[in-house]
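User: I've got a structure loaded and want to go through it with you. Can we take it one question at a time?

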Amino acid sequence: MEYRYDTQLLIDGCRVGEDAVNDYIRSHFAGDCLLTVGDEDTLKLHFHTNEPWRVLEYCAGLGEIYDIVVEDMDRQARGLRG
């Protein structure tokens, strides 16, 4: 598996549109399965990466992050808790 960590979170108060966040992440972080959806107040992000802490740091600069989930997909594939 190329990208180990499934990273998911919500950003409250994000004033940057989902397309801009999507473009920034694609150009600055290695990963795949990127999904950003939201409205004018809240954005949901899903991304597979090997450096979830970098993604979290970027997102924390966009607004209040919460419902943060980082799962180790390698552990899950081996039948262990992620």
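User: Are Phe29 and Tyr58 buried or exposed?
Analyst: This is a predicted model, and side-chain atom pairs count only at pLDDT 80 or more. The cut-off for buried is under 20% relative accessible area. Tyr58 has a relative accessible area of 16%, so Tyr58 falls under that cut-off. Phe29 and Tyr58 are both buried.

User: Okay, and how are the rings of Phe29 and Tyr58 arranged: stacked, edge-to-face or tilted?
Analyst: Phe29 is in the loop between H1 and E2, while Tyr58 is in helix H2, 29 residues apart. Stacked needs planes under 30 degrees apart and edge-to-face needs over 60. The planes of Phe29 and Tyr58 are at 55 degrees, with the centres 6.1 Å apart, so the pair is tilted.

User: What about Tyr24 and Tyr58, how many degrees lie between the planes?
Analyst: Tyr24 belongs to helix H1 and Tyr58 to helix H2 (residues 52–60), 34 residues apart. Their ring centres are 4.2 Å from each other. The pair counts as stacked, and the angle between the planes is 10 degrees.

User: Which residues form one aromatic cluster?
Analyst: The search of the whole structure turns up three aromatic pairs. Tyr58 pairs with Tyr24, and Tyr58 also pairs with Phe29. The cluster is made of Tyr24, Phe29 and Tyr58.

User: Is Tyr24 buried, partly exposed or exposed?
Analyst: Buried would need under 20% relative accessible area, and exposed over 50%. Tyr24 has 31%, so Tyr24 sits in between and is partly exposed.

User: Moving to the sheet, in what order do the four strands come?
Analyst: The sheet is open, with antiparallel pairing. Strand E2 (31–38) and strand E4 (64–72) are the edge strands, each pairing on one side only. Strand E1 (residues 5–12) pairs with strand E3 (residues 42–49) over eight bridges. That fits the order E2-E3-E1-E4.

User: Which residue in E3 does Leu9 stand opposite?
Analyst: E1 covers residues 5–12 and E3 covers residues 42–49, and the two run antiparallel. Opposite Leu9, in E3, stands Leu45.

User: Which strands does helix H1 touch?
Analyst: H1 (residues 18–28) packs on the sheet. The direction of H1 makes about 165 degrees with that of E2. The strands H1 touches are E2 and E3.

User: Last one: where is confidence lowest in the protein chain?
Analyst: The chain averages a pLDDT of 94, and 99% of the residues score at least 70. E1 has the highest confidence, at 98. The lowest, at a mean of 87, is helix H3 (residues 73–77).

Note on methods: Residues are numbered from 1 along each chain as its sequence is written. Side-chain values use heavy atoms; hydrogens and water are left out. Two strands pair if DSSP finds at least two bridges between them. Contact means heavy atoms within 4.5 Å. Axes are lines fitted to C-alpha atoms, for helices over the stretch in contact, and angles run from 0 to 180 degrees between N-to-C directions. pLDDT is the predictor's confidence in each residue, from 0 to 100. Rings of Phe, Tyr and Trp (its six-membered ring) pair if their centres lie within 6.5 Å; planes under 30 degrees apart count as stacked, over 60 as edge-to-face and the rest as tilted. Buried means under 20% relative accessible area, exposed over 50%, partly exposed in between (1.4 Å probe, protein chains only).
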